Amino acid sequence: MTTGRTEDDSWDVTEGVGATALGVAWARARESSSKQPLFTDPHAQQFIDAASERGWSPPSRAITERIAHLGDYAAARTKWFDEFFIAAGANGVEQAVILAAGLDARAWRLPWTSTTRIYEIDQPQVLAFKVETLRNHGVKAAARYTAVAVDLRQDWPTALRDNGFDASEPTAWSAEGLLSYLPAAGQDLLFARVHELSAAGSRFAVEAFGPDFFDPEYLEDRSDVADWLANHGWRTSVTPAANLLEHYHRDVPDVMPRTEFVSGELLSC
Ligand SMILES: C[S@@+](CC[C@H](N)C(=O)[O-])C[C@H]1O[C@@H](n2cnc3c(N)ncnc32)[C@H](O)[C@@H]1O
């Protein structure tokens, strides 16, 4: 776990864990303005500009150069989650839950059907910043959007249901850039809760630790995501990060997160 954390800490978007969402937005803004972007996220730069007005500083040139190799990773990851949600919608799944949504702008930029319900879970101040920034730019969600401002270590299933989530409907779930902020037991609890709330036909996309993830601290007693899902009736598919980058014709850097991208579909309950 990140040092300096407590069991009930919270944060704004410009501080601590919240600022990691800005880091992702910054990477998406760079990709979007590149010559051949894998995706276009017109809102990423809006978040960066709004945070800068609040005093947040984008990474310096020196840091930018040092983490340049992560740009392709971040781009491939975003593209993979985009395609996951588009495929779920094309297969009739009209309810989505984005766990630890941060500054993910998919609710505003993907081609959802107008009847799709999208729930985003993150810290209150992170979601408030995001919604306010988009409102200031006159941007409207492409589907029925609900921000569920709750800590994922708390009773978020109740908060989700209280906001209209229907567990009898198939759901497309995502956990992108999240698992490293949860301890091993917290990861298991997250998966148990998602499973409990998932009707047959639900789908789940997860950025997970690969078997040779570079920081063994995170691997201590941690469940293998694909195994966990398979043992609970989900049909899974696993793509190591390097394969994902190759799939999108991006160079595989020597140093990058040893993650894997796991997607699952719940066949029956
Ligand atoms: C690296 S960012 C990823 C954001 C988003 N998934 C994306 O890819 O753009 C991590 C996000 O996880 C959120 N997060 C981490 N721990 C959380 C918790 N316990 N409850 C709610 N949100 C949490 C942070 O606020 C932050 O927005």
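Two exercises with worked solutions follow, both of them resting on a predicted model.

**Exercise 1. Surroundings of Arg28**

Determine where Arg28 lies, whether Arg28 is buried or exposed, and which residues Arg28 touches.

Solution. Begin with the secondary structure: Arg28 belongs to helix α1, which covers residues 18-32. Turn next to accessibility, where the relative accessible area of Arg28 is 5%; because buried means under 20%, Arg28 counts as buried. Then list the contacts, leaving aside residues up to four places away in sequence: Arg28 touches Phe39, Asp41, Ala44, Thr78, Leu103, Asp104, Arg106 and Glu176. Among these partners, Thr78 offers its side chain for a polar contact with the side chain of Arg28, at 3.0 Å. Finally, consider Pro42, which is 14 residues from Arg28 along the chain and whose C-alpha atom is separated from that of Arg28 by 8.9 Å.

**Exercise 2. The overall fold**

Establish how the radius of gyration of the protein relates to that of a compact globule, and what share of the residues count as buried.

Solution. Start with the composition, which comprises 10 helices and seven strands. For a compact globule of 269 residues, a radius of gyration near 18 Å would be expected, and the protein has 18 Å, so the two agree. The C-alpha atoms, taken along the principal axes, fill a box of roughly 50 × 40 × 40 Å. As for burial, 50% of the 269 residues count as buried. Among contacts with a separation of 6 or more, 76% are accounted for by residues 24 or more positions apart. At the surface, the protein exposes about 12500 Å², of which carbon and sulfur atoms supply 49%.

Conventions: Residues numbered from 1 in each chain as written. Predicted model: local features only at pLDDT ≥ 70, side-chain atom pairs only at ≥ 80, totals over all residues. Heavy atoms only, no water. Helix = DSSP H or I, 4+ residues; strand = E, 2+ residues; numbered from the N terminus. Buried < 20%, exposed > 50% of the residue type's maximum accessible area, 1.4 Å probe, protein only. Contact = heavy atoms within 4.5 Å. Polar contact = N/O pair within 3.5 Å; in protein donor to acceptor, adjacent residues only side chain to side chain. Rg over C-alpha atoms; globule rule 2.2 N^0.38 Å. Areas by Shrake-Rupley, 256 points an atom, 1.4 Å probe, with all protein chains shown as cover.
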